[in-house]
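Reader: I would like to go through this structure with you, asking at each step what the wording rests on.

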Amino acid sequence: RKVDRQLRHLRCRRKKLSRRLTRARNPGARGRRVLKLEEELADLSVKIRDHLLSVEKKAELKVIDAIKTNPKAFYTHVNKRSKVKLSVAPLSRYIGDDLIVDAEEKAELLQDQFSGDFSDPGAVDPEAAAAAIPDHDVSLTEINFTPQCICDSLGELKPYATAPDGDIPALILKTCRASLAGPLWLLWDHSMRTGRVPESLKSQFITSVFKKGSRSLPGYYRPVSITSHITKVFERIVRKKLADFLDENGLNCEMQHGFRKGRSTMTQLLAHLDSI
């Protein structure tokens, strides 16, 4: 059909742009080219969304016309779109126990499972941890950032990244970054000076993702935290400032390959092979 061909053409263009963007992100690539490809990819994603909405609107108008002669057409249309696959199957605490189907009871069971996967920040002695760090002549006393840093960080957001309910969509933040950089800079600058973060930006939505094994056991699900994009933007800035400080002053261990620019599991394996 004509509609399917158009959608297929748009998705094919998006796939090609994604490949070009992946190649352009290689070390030594020009920043302007990457930014231009990201904007083109975001615009194309918007076109695909608008096209799908247009197709859906035509289908709804067709159903409205069909209702006049077939009253069941409306219910058929609604039922096709109301079927949602359950992300979490009925759970049991142990193998052989009765299955739990109530949503609140399943949430409590998963919460007990997930809470055991995280370390307790209160169990760490800050003074003992600080004493284990070797002394250095350099120190990071404050983190300075500008509205341009906020703008650049907003530009790195994925247009359709998942956000908590009530949060500003990533597409709006990315598209309007030039206008939003100033207000967000005032927010985080005040937060840095006072040492306080708004409560609404500290809340997270925890969802469960099935890994493998039995779907009825909570141990086979892993938690995924969905946080506000506004918080992620500032976290990205702080992380970059800290990473740059450690690299510029040679404070990173040479065996550290994770979470470092230009390093990965591949470089770690190559370094290990060279050492044996």
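Reader: What makes arginine 236 and glutamate 156 a salt bridge?
Author: In this predicted model, the closest N and O atoms of arginine 236 and glutamate 156 are 3.2 Å apart, and a salt bridge is defined as a side-chain nitrogen of Lys or Arg within 4 Å of a carboxyl oxygen of Asp or Glu, so the pair qualifies. Arginine 236 lies in helix α10 and glutamate 156 in the loop between α6 and α7, 80 residues apart, and the pair thus links distant parts of the chain. Helices here are DSSP runs of H or I with at least four residues, numbered from the N terminus.

Reader: Why are arginine 236 and glutamate 156 called partly exposed?
Author: Buried means under 20% relative accessible area and exposed means over 50%, with partly exposed in between, using a 1.4 Å probe and protein chains only. Arginine 236 has 29% relative accessibility and glutamate 156 has 47%, so both values fall in the middle class.

Reader: How do you know which residues and atoms were allowed to count?
Author: Residues are numbered from 1 along each chain as its sequence is written, and side-chain values use heavy atoms, with hydrogens and water left out. As this is a predicted model, local features need pLDDT of at least 70 and side-chain atom pairs count only at pLDDT 80 or more, while totals for chains, interfaces and linings use all residues.

Reader: How many salt bridges are found in the whole structure, and what makes arginine 193 and aspartate 189 one of them?
Author: The search of the whole structure finds eight salt bridges. For arginine 193 and aspartate 189 the closest N and O atoms are 3.1 Å apart, which is within the cut-off, so this pair also counts. Both residues lie in helix α8, four residues apart, about one turn of the helix. Arginine 193 itself has 60% relative accessibility and therefore counts as exposed.

Reader: Is arginine 260, the partner of aspartate 247, buried or exposed?
Author: Arginine 260 has a relative accessible area of 15%, so it is buried, whereas aspartate 247, at 37%, is partly exposed. Their closest N and O atoms are 3.3 Å apart; aspartate 247 lies in helix α10 and arginine 260 in the loop between α10 and α11, so the salt bridge ties together parts that are 13 residues apart in sequence.

Reader: Which residues of the largest nonpolar core touch the most other members?
Author: Of its 16 residues, these are Phe145, Ile150, Leu154, Trp188 and Ile230. Helices α6, α8 and α10 each give two or more residues to this core, and α10 gives the most, with five. The term nonpolar core stands for a set of buried Ala, Val, Leu, Ile, Met, Phe, Trp, Tyr and Cys residues joined through side-chain atoms within 4.5 Å.

Reader: What makes up the nonpolar patch on the surface?
Author: Ile67, Phe74, Tyr75 and Val78 form this patch, with about 370 Å² of accessible area together. A patch takes residues with over 30% relative accessible area and no salt bridge, joining nonpolar side chains (Val, Leu, Ile, Met, Phe, Trp, Tyr) within 5 Å and like charges within 9 Å. Phenylalanine 74, at 40% relative accessibility, counts as partly exposed, so its value meets the area requirement. Helix α3 gives the most to this patch, with three residues.

Definitions and conventions. Accessible areas come from the Shrake-Rupley method with a 1.4 Å probe; for residues, only the protein chains shown count as cover.
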